[in-house]
Amino acid sequence: CFKKYWVAEGRASRREFWYFTLFTTVLSVVFIVLDHLVFATSLDSESAGPLEAILYLITFFPSLFVSARRLHDTDRSFRWMFISITIVGLVPLFYWFAQKGTLGENRFGADPLA
């Protein structure tokens, strides 16, 4: 995903999307613990510590763009991400992220598994 840091075009396979999600989740947990140990931040605090905030800044755009590419793989526009503004909208987004991509080429490009 970091090879395509600023790329929203094209398609992302389920594997690319979910491995990047796992990677950022594990790093987030590690950085929360490091913030707690190094900067004495509270683990139950709602605000991010300095290391966690840096991680969020670094991974915000790659997360956004891999999500757009994942939607492209299911033949949906990135505009569908705006339904995440509503809590209910997260349900179809999660389903689409887990759904198998369209076989062969679609309007967003070639099949990433081909």
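Residues with under 20% relative accessible area are termed buried, those over 50% exposed, and those in between partly exposed. On this scale, and in what is a predicted model, Asp75 is partly exposed because its relative accessible area of 31% lies between the two limits. Its salt-bridge partner is Arg107, with the closest N and O atoms 3.1 Å apart. This pair connects distant parts of the chain, since Asp75 belongs to the loop between H2 and H3 and Arg107 to the segment after H3, 32 residues apart. Arg107 has a relative accessible area of 60% and is therefore exposed.

Four salt bridges are found in the whole structure. Arg11, Arg70 and Asp73 are joined in a network of such contacts. Within this network, Arg11 pairs with Asp73 at a closest N to O separation of 2.7 Å. Here too distant parts of the chain are linked, with Arg11 located in the segment before H1 and Asp73 in helix H2, 62 residues apart. Arg11 and Asp73 are both buried. Asp73 also forms a salt bridge with Arg70, at 2.5 Å from N to O. Asp73 and Arg70 both lie in helix H2 and are three residues apart, so about one helical turn separates them. The relative accessible area of Asp73 is 3%, which means that this residue is buried; Arg70, at 0%, is likewise counted as buried.

Aromatic contacts were examined next. The count of aromatic pairs comes to 10. In one of them, the ring centres of Phe20 and Phe23 are 6.4 Å apart and the ring planes meet at 40°, so the pair is classed as tilted. Both residues are located in helix H1 (residues 14-39), three residues apart, or about one turn of the helix. Phe20 is buried, with a relative accessible area of 6%, whereas Phe23 is partly exposed at 38%. Elsewhere, ring pairs connect Tyr5, Trp6, Phe60, Phe61 and Phe65 into a cluster.

The largest pocket has a volume of about 460 Å³. Its lining comprises 21 residues, and those nearest the centre are Thr24, Thr59, Ser63, Leu64 and Ser67. At least two lining residues come from each of H1, helix H2 (50-73) and helix H3 (90-98). The most is given by H2, which supplies eight residues. By residue class, the lining of the largest pocket consists of 13 nonpolar and eight polar residues, with no charged residues.

Conventions:
Residues are numbered from 1 along each chain as its sequence is written. This is a predicted model: local features need pLDDT of at least 70, side-chain atom pairs count only at pLDDT 80 or more; totals for chains, interfaces and linings use all residues. Side-chain values use heavy atoms; hydrogens and water are left out. Rings of Phe, Tyr and Trp (its six-membered ring) pair if their centres lie within 6.5 Å; planes under 30 degrees apart count as stacked, over 60 as edge-to-face and the rest as tilted. Helices (H or I, at least four residues) and strands (E, at least two) are DSSP runs, numbered from the N terminus. Buried means under 20% relative accessible area, exposed over 50%, partly exposed in between (1.4 Å probe, protein chains only). On a 1 Å grid over the protein atoms alone, a cavity is a set of points where a 1.4 Å probe fits but cannot get out, and a pocket is an open set with protein on both sides within 12 Å along at least five of seven lines; lining residues have an atom within 4 Å of a point. Grid points are joined across faces, edges and corners, and a volume is the space filled by probe spheres set on the points. Ala, Val, Leu, Ile, Met, Phe, Trp, Tyr, Cys and Pro count as nonpolar, Asp, Glu, Lys and Arg as charged, and the others, Gly among them, as polar. A salt bridge is a side-chain nitrogen of Lys or Arg within 4 Å of a carboxyl oxygen of Asp or Glu.
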